[in-house]
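Q: Please take a close look at one part of the structure shown here. Then set that part beside some other points worth checking.

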Amino acid sequence: MEKFGRSQPVKRTEDQRFLTGQGHYMDDVVPEGALHAVFVRSQVAHGVITALDLDAARAADGVRLVMTLEDLKEAEIDTVINAATVKNRDGSPAAAPARHMLSTDRVRFVGEPIAVVIADTQAQARDAAELVLVEIDERPAKLDVDAGGETLHPEAPNNRAFDWGLGNEAATEAAFQAAAHTVSLNVVDNRVIIASIEPRGCQANWVDGRLHFAYGGQGVWAMRAQLAQKLRVEPEDIRVTTPDVGGGFGMKVMPYPEYFCTAVAAKKLGKPVHWMSDRSEAMLSDHHGRDLTSLAELAFDADHRITAYRVHSKINLGAYNSHFGQAIQTSLFSKVLMGVYDVQTTYLRVEGFFTNTTQVDAYRGAGRPEAIYVLERVMDRAARELGVDPWELRRKNFIRPEAFPYTSATGETYDVGDFNMILSRAGEQTAGFAARKAADAERGLIRGQGLCYYIESILGDPSENAKVEFCEDGTVNLYVGTQSNGQGHETVYAHFLSDQTGIPVDRINVVQGDSDQLPHGGGTGGSRSVTVQSTATLATIDVMIAAFTPYLADKMRVEESDVTFDHETFRAAGSNLTPTLTEAADMARADGRTDLLQHHARANLDARSYPNGAHVAEIVIDSYTGETWVDRYTVVDDFGNLINPMLAEGQVHGGVVQGIGQALTERVVHDAQGQLLTASLMDYALPRAAEIPMIKFTSAPVPSTSNPMGMKGCGEAGTVGALAAVANAVQDALWDHGVRQADMPFTPQRVWELLTHGSVAAE
């Protein structure tokens with residue numbers, strides 16, 4: 001394909017190498033002669049370490065090094081993992097206990113790293129790790145998300161990490177007191193494991209005093225900054241690279257203890273060191289997600305218009321604050337707290353609690369899915385209790401198109417939106433539900449329909465970099481500051497540059513994941529990538545055209561002001577020369593103008609974009625067994641203008657499947673001692689292809705005004721909408737059977753118990 005047309009559904013170019021086994025993931029790029037690291041982890045959830053004997057491990061075959069926290073301290077590094085906190089509602093600081101890279105005195109979750117063994121082979125390292133003797137005086141495990149229980153950190157009395165609030169509490173209470181109707185619902189958002197197709201891994205190698213650190217992450221510059229800070233070296237003395245990455249989901253954004261330990265070990269030994277997690281290790285040591293309960297309340301006037309919204313959430317932080325932790329969970333929750341509804345008064349209270357479950361919770365797209373899930377569940381309950389059609393209740397309370405730009409009660413300014421248009425399109429595509437429900441009933445099946453109207457707040461780091469380089473072989477390198485984890489960035493970015501410049505797409509190489517190639521990059525997270533990166537690419541094209549214009553004006557023998565570029569060729573009245581950018585680069589190279597062969601720009605977006613849309617799920621329940629499945633799924637999304645609709649649809653499909661998985665099958669289970677019972681794919685129920693229906697996707701764009709392309713991010717939208725759509729569909733099916741409280745996951749046993757007893761037995 002010589003020229004890419006705007007919004008063409010082009011297949012991913014990178015899939016050729018992925019599907020033919022030519023991808024380069026962490027285990028594919030192990031340096032020759034690398035040593036291997038294996039971590040010794042706690043086998044109990046909570047306790048005091050009373051003995052740690054490393055002698056047998058150090059004497060084992062092939063072992064080069066065994067390190068504990070004391071060895072890290074002797075290396076004179078900063079061993080405390082960074083953590084972000086918020087202020088409590090009363091203005092006091094939240095709890096901020098120190099978390100070290102390795103534990104020496106106390107363990108707080110099963111899987112917490114205590115020591116690391118470095119050996120010639122992974123098998124030798126594993127064998128030696130089993131020889132490490134760890135004696136632990138067990139303490140009671142704290143598992144519930146509430147105040148009290150065995151204290152995990154002296155800095156957190158009652159294990160409360162923070163008690164944060166947002167909004168006008170007094171005005172919200174007054175609105176509830178004056179309301180004609182009030183509705184409340186306790187909403188449970190079950191814990192999930194990220195389960196990326198490739199577990200975490202890294203490798204480190206020091207050459208001539210400079211560290212080359214490679215890892216499977218979501219950005220290299222933030223990782224470089226963390227390594228520099230903790231290892232106490234200059235950022236310029238570190239190169240961070242990322243090969244192909246098999247899934248991220250936000251879990252791979254932040255630094256983990258293993259990364260720093262691997263870097264220290266490589267420096268001590270003077271050889272490259274490689275570490276790769278296995279699946280059960282990942283399920284124990286990766287950040288989990290969700291795990292919160294919320295009391296959501298809506299106040300309505302006599303016309304069923306929302307006058308106030310109040311939420312009190314309790315979230316599980318795991319054993320420690322994370323690198324983003326409290327700040328991410330609370331801020332992202334608040335940004336879409338009000339959804340798409342015109343409400344002027346709100347109050348959000350979020351309490352975070354430490355538990356002996358995993359090192360950190362609240363990821364896999366933290367904040368946005370949780371906020372919309374809570375809101376759309378209580379909206380569905382309100383429609384049922386008030387006797388109002390759930391579609392009409394939403395329409396009545398939508399922010400009107402003429403009200404944009406609209407500032408929400410939490411301070412977010414939505415630039416554009418036409419929510420009723422989107423919902424109407426969804427309604428047209430889901431007609432015939434009543435007939436399908438009646439037909440199922442004749443066969444002993446129960447059909448339910450659930451609606452969710454979501455909105456997201458997209459930006460993350462508002463700045464991004466791009467660089468374009470013309471190579472001698474006629475190819476063009478586009479260096480980007482984001483990192484693909486499977487989203488198809490190589491295809492999208494190459495086609496976007498081709499569209500804007502006329503450079504043939506098959507000559508464009510997208511280069512990502514190398515901190516030496518650009519001065520800075522924001523990485524990938526929060527659905528920021530395409531919007532922010534494309535803005536940086538546009539800025540780079542402007543720099544490039546401005547640089548070539550005077551050079552070509554001289555070649556054309558015209559004034560600079562006469563030279564124009566039409567997204568494919570340079571032209572000027574009075575000249576027969578019409579060079580393309582690649583031809584202009586060849587001319588510059590022949591003339592020795594190497595300054596014209598490389599161009600760089602940094603762009604900044606001042607405002608967020610707000611993708612939104614309607615998800616409609618239809619589920620069917622076998623009334624005899626409780627088996628529940630999604631039979632139909634319809635999505636109408638406003639992602640603004642799309643570069644590649646096919647990839648946007650693929651993102652939606654993946655997100656919806658993730659949401660269906662959490663709604664129907666996924667659930668993290670610990671026993672009373674804090675042992676993870678779902679630590680393998682034999683026990684943790686990810687969704688299977690046979691359980692997923694065809695997903696109908698329609699794009700109905702209302703272009704954003706926050707970026708030059710009118711785009712809106714779409715990476716997390718599928719999950720944000722799917723949770724409530726499926727849950728509301730199950731509640732719809734069970735409502736006529738007297739069930740008033742139904743919480744995810746809707747496993748056959750749970751649904752059967754709800755149909756039989758009206759409640760779920762204690763688990």
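Where is the place of Ala 700?

A: Ala 700 sits in the loop between β27 (695–699) and α18. Helices (H or I, at least four residues) and strands (E, at least two) are DSSP runs, numbered from the N terminus. The model is predicted: local features need pLDDT of at least 70, side-chain atom pairs count only at pLDDT 80 or more, and totals for chains, interfaces and linings use all residues. Residues are numbered from 1 along each chain as its sequence is written, and side-chain values use heavy atoms, with hydrogens and water left out.

Ala 700 is buried, because its relative accessible area is 4%. Buried means under 20%, exposed over 50%, and partly exposed in between (1.4 Å probe, protein chains only). The contacts of Ala 700 (heavy atoms within 4.5 Å) reach Met 421, Ile 422, Arg 425, Val 636, Asp 637 and Asp 638, leaving aside residues up to four places away in sequence. Asp 638 is 62 residues from Ala 700 along the chain, and their C-alpha atoms are separated by 5.1 Å.

Follow the loop on to α18, which spans residues 717–735 and holds Thr 719. Thr 719 is buried, with a relative accessible area of 5%. Residues up to four places away in sequence are again not counted: Thr 719 then touches Arg 290, Gly 655, Val 656, Gln 658 and Gly 659.

Past the helix comes a backbone point. Pro 745 is in the loop between α18 and α19 (748–757). A cis peptide bond joins Met 744 to Pro 745, with omega about -10°. A second such bond runs from Phe 404 to Pro 405, and its omega is near -5°. Pro 405 has its place in the loop between α11 (390–397) and β16 (406–407). Most residues other than glycine have a negative phi, and most peptide bonds are trans.

Phi gives two more points to check. Asn 158, a residue other than glycine, has a positive phi near 65°. Its loop lies between β6 (133–138) and β7 (160–167). Asn 158 counts as partly exposed, because its relative accessibility is 43%. Asp 208 also has a positive phi, near 55°, and is likewise not glycine. The loop that holds Asp 208 joins β9 (201–207) and β10 (210–215). Asp 208 counts as exposed, because its relative accessibility is 81%.

Next, the cysteines. A disulfide is a covalent bond between the sulfur atoms of two cysteines. The rule used here asks for a pair of cysteine sulfur atoms within 2.5 Å. By that rule the count is 0. Take Cys 202: the closest cysteine sulfur is in Cys 261, 9.1 Å away, so the gap is too far for a bond. Cys 202 is buried at 0% relative accessible area. For Cys 714 the closest cysteine sulfur is in Cys 452, at 16 Å, so a bond is again ruled out as too far. Cys 714 also counts as buried, at 16% relative accessibility.

Now the enclosed space. A cavity is a set of points on a 1 Å grid over the protein atoms alone, where a 1.4 Å probe fits but cannot get out; lining residues have an atom within 4 Å of a point. Points are joined across faces, edges and corners, and a volume is the space filled by probe spheres set on them. Searching the whole structure gives 2 cavities of 30 Å³ or more.

The largest cavity holds about 50 Å³. Its lining consists of Ile 193, Ile 194, Ala 195, Ser 196, Met 251, Arg 279, Ala 282, Met 283 and Asp 286. By class, these are 6 nonpolar, 1 polar and 2 charged. Ala, Val, Leu, Ile, Met, Phe, Trp, Tyr, Cys and Pro count as nonpolar, Asp, Glu, Lys and Arg as charged, and the others, Gly among them, as polar.

The second largest cavity has about 30 Å³ of space. Leu 185, Arg 377, Asp 380, Arg 381, Arg 384 and Gln 731 line it. Helix α10 (residues 368–386) gives the most to this lining, with 4 residues. The lining of the second largest cavity has 4 charged residues, 1 nonpolar and 1 polar.

Last, confidence. The mean pLDDT (the predictor's confidence in each residue, from 0 to 100) is 93 for the chain, and 96% of its residues reach 70 or more. Residues 1–5 have a pLDDT below 50, and this stretch makes 17 contacts in the model beyond near neighbours in sequence. Where pLDDT is low, the predicted coordinates should not be read in detail.

Notes: 1 Å grid on protein atoms, 1.4 Å probe; cavity = no way out; pocket = protein on both sides within 12 Å on 5 of 7 lines; lining within 4 Å.
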